[in-house]
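The exercises below ask for a careful reading of one model, moving from whole chains to single residues. Each task is followed by a solution that goes step by step.

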Amino acid sequence: MLGSHFYNQIVRKNIVAFGTLFNNITMKSTDPSTGDVLEEIKVPLAYGPKQKFLVRLEENQSNRKVAITLPRLYFEMTSIDYDATRKTSPIQKYKTIINDNGGEVRVQYVPVPYNLGFELGVIAKSQDDALQITEQILPYFQPSFSITLNMIPDMNEKRDIGVVLNNVGYEDEWDDSFYERRYIIYTLNFTMKSYLYGPYNTADVIKKAIIHETVGDLAVNRRAITRTYTPKAKTDINTDGVIDVNDDALVDAGDDFGFNEGIEFL
Amino acid sequence: MPTSPYFPTYYQGHSGEQGLVQDLVDEQIKLFGSDVYYIPKTVLADSTLDEVRYTKYQEQFQIEMLLQNVTGFGDNAEFISKFGLRITDEILFRVSTRRWDEEVAANNPTLTIDSRPNEGDLLYFPITEDIYEIKFVGKEEPFYQFGKIQFYAITAELYEVGQDDFDTGVAEIDAVEQLFDNSFKLIMDPGGTGDFTVGEEIVGDEFLAKATSTLTSNSISAITITDGGAHYKVATPPSVTISAPDSLAGGARTLATSNDTGTFATSSGTGYTAGTYTTTTLTNGAGTGSGMTVQIVNVSNGGVIGSGGATMTNINIIDNGSGYTADLQGVGGAVGSIVRVNGGNNDLYLRVEAIYATAQATATATVSASGIVNGITITNNGDGYISAPTVTIDYSPKDNRAEVKAWDNATRSLEVINRTGTFTTAEVITGLTSGARWSPETFDTLNNSNSNYDQNRAIEDDADNIVDWSEGNPFGEFGNFTGSI
């Protein structure tokens with residue numbers, strides 16, 4: 001009922017975009033007395049939700065095992081909510097020309113605003129490690145940080161998406177029994193103010209525009225004009241030696257063209 | 001009222017009974033236990049937050065322990081957390097207090113508390129090939145049997161890998177770092193020399209200071225700084241090493257025609273042509289000279305070198321040999337080395353006029369407040385140099401270092417762990433043990449080649465066509481300075 005198949009991978013693109021904000025965080029272990037860097041690593045980042053068999057097969061390949069390697073970052077999408085505050089008129093359309101196709105353009109209705117919730121987690125072996133990672137993230141969000149996403153490449157549709165930091169929580173399980181390990185976890189919750197797009201279709205290029213103008217009272221002194229506009233060729237497209245109406249008929253959307261204007265007084 | 005010394009209570013014990021129980025405990029552990037490596041940790045701690053900033057494991061002690069119990073193996077100890085796979089295998093060992101004192105405490109380990117196993121230290125259990133971190137050491141259970149504690153109960157959980165440095169000297173223990181530590185790969189430019197060895201330290205020369213030396217009369221007369229480097233410290237200036245003289249001790253430095261007053265008085269020979277000649281030592285004074293090779297540059301006077309005394313500018317020393325003594329007969333001194341140049345019709349005799357001293361030049365460096373090496377003072381000019389020696393200034397503290405995980409000469413692929421910074425393609429990386437020298441062509445710090453958890457590189461690649469960073473990425477570009485992104 002709703003139409004033919006389409007899949008713009010918009011949510012996936014938002015996930016990737018969110019992840020790439022945090023895939024280049026560096027952590028340095030320094031000598032407290034001299035400040036010399038003893039080791040520097042790129043903090044591992046992964047999208048959290050995974051198929052369980054893949055986790056078992058991929059992360060436990062060696063005969064030898066360890067509890068986990070720290071520090072780590074994970075993120076996942078936690079919600080998809082409609083955002084009525086950013087709603088625009090649903091009958092607006094975008095159009096873009098198609099390369100090497102002067103007879104048709106692509107047409108797409110405006111997207112629907114959706115808020116995508118994300119959670120970013122930081123786990124570290126020490127409080128200082130966790131703080132070092134977290135402090136490299138928080139200052140960029142005031143509380144929003146905007147990135148430009150290439151939403152629909154075929155439509156040349158790019159959108160500035162605001163990534164809003166909603167809150168930061170942390171737990172440090174340092175007390176209780178000696179038999180329980182200490183866990184230091186920071187959890188950052190974000191909202192990406194994104195959009196979901198419908199399908200795009202092709203439509204013929206409009207080659208004739210007609211404007212009916214009426215000046216004056218309808219009953220008294222009324223003057224009516226009909227203006228028509230059609231493309232006018234600027235080059236000899238059919239290579240017959242002259243630039244004339246036959247060339248005008250061959251103009252397409254990708255050509256450099258002028259206009260024929262016709263005025264008819266009614 | 002004091003207790004009776006004649007009827008010791010269970011908790012007071014008797015030394016004979018205590019020794020017997022301890023013997024039985026030790027025997028049981030030796031019969032049914034396993035040899036476990038105890039690995040103490042050395043920590044660099046933050047005194048404010050009171051937590052470990054960096055850990056080094058540099059010692060190990062092998063001691064038998066009895067596996068009392070395991071928890072988690074084979075059931076739900078492996079699970080998927082938000083942060084990937086977690087394993088919580090737990091293990092309980094018993095170790096004899098007496099054997100602990102003998103095998104560990106007696107060897108002065110680096111422990112916070114010498115008298116017992118320490119929480120936070122590691123155990124390597126060869127059966128599972130895994131490392132366990134001690135969570136708790138029970139030292140009063142069971143409670144003073146016969147008035148003494150016979151063993152400790154160690155509860156340990158599978159080790160969590162962090163920024164730790166393993167250098168225990170036991171390959172299977174140190175391998176945990178090679179297997180699990182964060183690593184990345186560099187592809188080197190063609191044209192490097194040597195092969196890196198696994199485990200060695202490598203260092204780049206991005207901030208290295210450089211200098212050259214000037215030679216005057218076989219000694220260093222000046223050192224010129226050609227690159228002051230960067231990030232050196234005033235309080236701890238770098239050491240300066242000047243290469244050793246390139247002659248052997250006791251090698252001949254200068255020659256003269258023989259003016260021996262005896263058998264070898266004839267100082268010129270005939271029948272020589274331009275070329276290289278070996279020599280034979282004829283007299284040697286107190287020396288043991290041998291091995292000198294000379295070059296006759298040209299001949300004159302019908303094949304006679306000089307007349308009544310050879311023209312010494314026509315003769316070069318090719319190999320200084322060693323063990324010669326200076327012949328000072330002509331100046332009223334001691335008899336020294338006189339050599340015959342082999343190969344002529346009438347022999348050419350040469351006397352060794354001076355001997356190479358082999359003093360190695362030394363120097364010290366000073367560092368400016370901005371961290372640049374701004375002066376080198378020669379503290380010993382040295383002696384015996386034929387060509388200007390190389391001057392090597394120690395690496396800057398900021399120069400990037402790392403440990404080699406793997407090296408493949410065919411693909412010029414170098415994997416490293418424990419890096420202190422990010423290498424650049426402009427620098428030369430040197431293996432401190434192997435001496436191998438290669439320059440990076442490309443590298444990728446986003447791709448942790450030791451882990452299948454990390455998606456940093458995959459996300460970066462996916463985002464290339466999605467995120468428009470035309471106005472710049474404040475989170476940094478991008479783990480590779482060589483433009484692959």
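Helices and strands are taken here as DSSP runs, a helix having at least four residues and a strand at least two, and they are numbered from the N terminus. The model is predicted, and local features are considered only where pLDDT is at least 70.

**Exercise 1.** Locate B:Glu129 among the strands of chain B, and state what is notable about its phi.

Solution. Begin with the position: B:Glu129 falls in the loop that runs between β8 (122-125) and β9 (130-138) of chain B. Next take the backbone angle, which is a positive phi of about 60°, although the residue is not a glycine. Finally consider the surroundings: because its relative accessible area is 36%, B:Glu129 is classed as partly exposed, the class that lies between the buried limit of 20% and the exposed limit of 50%.

**Exercise 2.** Carry out the corresponding analysis for A:Gln9, giving its phi and its place in chain A.

Solution. The phi of A:Gln9 is near 55°, which is a positive value in a residue other than glycine. As to its place, A:Gln9 belongs to the segment before α1 (10-20) of chain A. With a relative accessibility of 31%, A:Gln9 counts as partly exposed.

**Exercise 3.** Identify where the cis peptide bonds before A:Pro71 and A:Pro143 sit in chain A.

Solution. Take the bond from A:Leu70 to A:Pro71, which is cis with omega near 0°; A:Pro71 itself lies in the loop between β4 (68-69) and β5 (72-82). Then take the bond from A:Gln142 to A:Pro143, which is cis with omega near -15°; here A:Pro143 lies in the loop that links α3 (127-134) to β9 (144-152).

**Exercise 4.** Is A:Gln127 buried or exposed, and which residues does A:Gln127 touch?

Solution. First place the residue: A:Gln127 is part of helix α3 of chain A. Its relative accessibility is 11%, and because buried means under 20%, A:Gln127 counts as buried. Now list the neighbours, leaving aside residues up to four places away in sequence: in chain A, A:Gln127 touches A:Asp172, A:Arg182, A:Ile184 and A:Tyr186, and in chain B it touches B:Leu49 and B:Glu51. The last step is to look for a polar contact, and one is found between the side chains of A:Gln127 and A:Tyr186 at 2.7 Å.

**Exercise 5.** Describe the overall form of chain A by means of its radius of gyration and its box.

Solution. For 266 residues, a compact globule would have a radius of gyration near 18 Å, whereas chain A has 30 Å. The box filled by its C-alpha atoms, taken along the principal axes, is roughly 95 × 50 × 50 Å. To complete the description, chain A carries 28 positive and 37 negative side chains, with the centres of the two sets 3 Å apart.

**Exercise 6.** Set out the secondary structure, burial and contacts of chain A beside those of chain B.

Solution.

- Secondary structure: chain A has four helices and 15 strands, while chain B has four helices and 32 strands.
- Burial: 41% of the 266 residues of chain A count as buried, and for the 485 residues of chain B the share is 48%.
- Contacts: among contacts with a separation of 6 or more, residues 24 or more positions apart account for 64% in chain A and for 69% in chain B.

Note on methods:
Residues are numbered from 1 along each chain as its sequence is written. Chains are lettered from A and ligands numbered from 1 in the order in which they are written. This is a predicted model: local features need pLDDT of at least 70, side-chain atom pairs count only at pLDDT 80 or more; totals for chains, interfaces and linings use all residues. Side-chain values use heavy atoms; hydrogens and water are left out. The radius of gyration is taken over C-alpha atoms; the globule rule is 2.2 Å times the number of residues to the power 0.38. Buried means under 20% relative accessible area, exposed over 50%, partly exposed in between (1.4 Å probe, protein chains only). Contact means heavy atoms within 4.5 Å. Lys and Arg count as positive and Asp and Glu as negative; His and the chain ends are not counted. The place of a charge is taken as NZ of Lys, CZ of Arg, CG of Asp or CD of Glu. A polar contact is a pair of N or O atoms within 3.5 Å; within protein, one must be able to donate a hydrogen and the other to accept it, and residues adjacent in sequence count only if both atoms are side-chain atoms.
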